[in-house]
Amino acid sequence: MRDPIPATLIYNADAGSSGRLRPPDLFKLFRQVQVQLDHRKTERAEDIPGVLPENGDPVVVMGGDGTVRAVIQALRGRPNPLVILPGGSANNIARSFGLMKRPIPEIIQGLGDPVRRAIDLGRIRFPWGESAIFVEGVGFGLFADMMATYDPTQGKSLSRGLQTLVDEIGKQADYRTRIRVDEEEFEAHFRLVEVLNTPAVGPRLAFQPEARMTNGKFGVVVADDTIKPGTAIPALIARKFAQLDSVRTLFGQEIDVEWTDFAVHVDETIYPNQQLRAEMRQAPPKDRTIQIRVLHEAINLWLPNLSEDHA
């Protein structure tokens, strides 16, 4: 029998999933697959880099998308493999790998001989000098405006998210910009643009179910000004938003977007802040290009050996 593999557990006790396993239960289950967990307590995302193992041992995270994103950000540039145990309310990242289809004990059992993958991240650079790394996606227009209104700290409710989206569609705000996806460039009079690394963002809004975190490309959806709540909301629920006549879909590694004074969501953070946005209305940057690029195979991932779930 091999010696147990040491691994660090990062556990969000405040995430939204009910009835989930606690650290002592996880210790027992991981021992069955020869993994010895060490629970490192963290109070906030800023604590995570300080508890990560320096020797490349695995990191197990149990929590929602916010916790998983914080761990991924801290692991960038490190060799440590990541194990995700879904424990939030939306779990967009875990859903990307079929991890919601199995109970936690079965996921852990499948880690006895894990499937090793590398997942993509994204980088966005703004014309005013800021930059950020993202895990799920970035977007402009309708959903970014919704994120400025929708408070994810109140819980990621799909129904509340859809209602907020309905409210935003009803405001009839639209934008005009130029977009380049790899070699294809076009002008868009749009209500929504989403550049996606995961199929869904926010409260499980699946704008592009074909997006993958492992293929080196983003899924891009552009909804024009003819989109209506009566068709958009049922399509989102049915995971068919990208098939709407009012939506254009593309896939690419390099996306450039002309910024024309709109809010931008980067995962769940809104850019620019209100003060900066007001300043740039008075003195807009000469170059307005937002650059979005794939960081291919940026994070090592261990998945349970359940091949039908992560094909």
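This section describes the overall make-up, the cavities and one pocket of a predicted model.

The protein has 311 residues, of which 54% count as buried. Its secondary structure consists of eight helices and 15 strands. Of the contacts between residues at least 6 apart in sequence, 73% join residues at least 24 apart. The accessible surface amounts to about 13,900 Å², and carbon and sulfur atoms account for 45% of this area.

Two cavities of 30 Å³ or more were found in the model. The largest cavity has a volume of about 50 Å³, and 10 residues line it. Glu136, Val201, Gly202, Asp267 and Glu268 are the lining residues that lie nearest the centre of this cavity. By class, the lining of the largest cavity comprises five charged, three nonpolar and two polar residues.

Among the pockets, the second largest has a volume of about 380 Å³. Its lining is made up of 16 residues, and those closest to the pocket centre are Tyr11, Asn12, Thr42, Glu43 and Arg44. Strand E1 (5-11) and helix H2 (65-75) are the elements that each contribute two or more residues to this lining. The largest contribution comes from H2, with three residues. The lining of the second largest pocket divides into six nonpolar, five polar and five charged residues. Five charged residues are thus counted in the lining of the largest cavity, and five in that of the second largest pocket.

Note on methods
Residues numbered from 1 in each chain as written. Predicted model: local features only at pLDDT ≥ 70, side-chain atom pairs only at ≥ 80, totals over all residues. Heavy atoms only, no water. 1 Å grid on protein atoms, 1.4 Å probe; cavity = no way out; pocket = protein on both sides within 12 Å on 5 of 7 lines; lining within 4 Å. Points joined across faces, edges and corners; volume = space filled by probe spheres on them. Nonpolar A, V, L, I, M, F, W, Y, C, P; charged D, E, K, R; others polar. Helix = DSSP H or I, 4+ residues; strand = E, 2+ residues; numbered from the N terminus. Buried < 20%, exposed > 50% of the residue type's maximum accessible area, 1.4 Å probe, protein only. Contact = heavy atoms within 4.5 Å. Areas by Shrake-Rupley, 256 points an atom, 1.4 Å probe, with all protein chains shown as cover.
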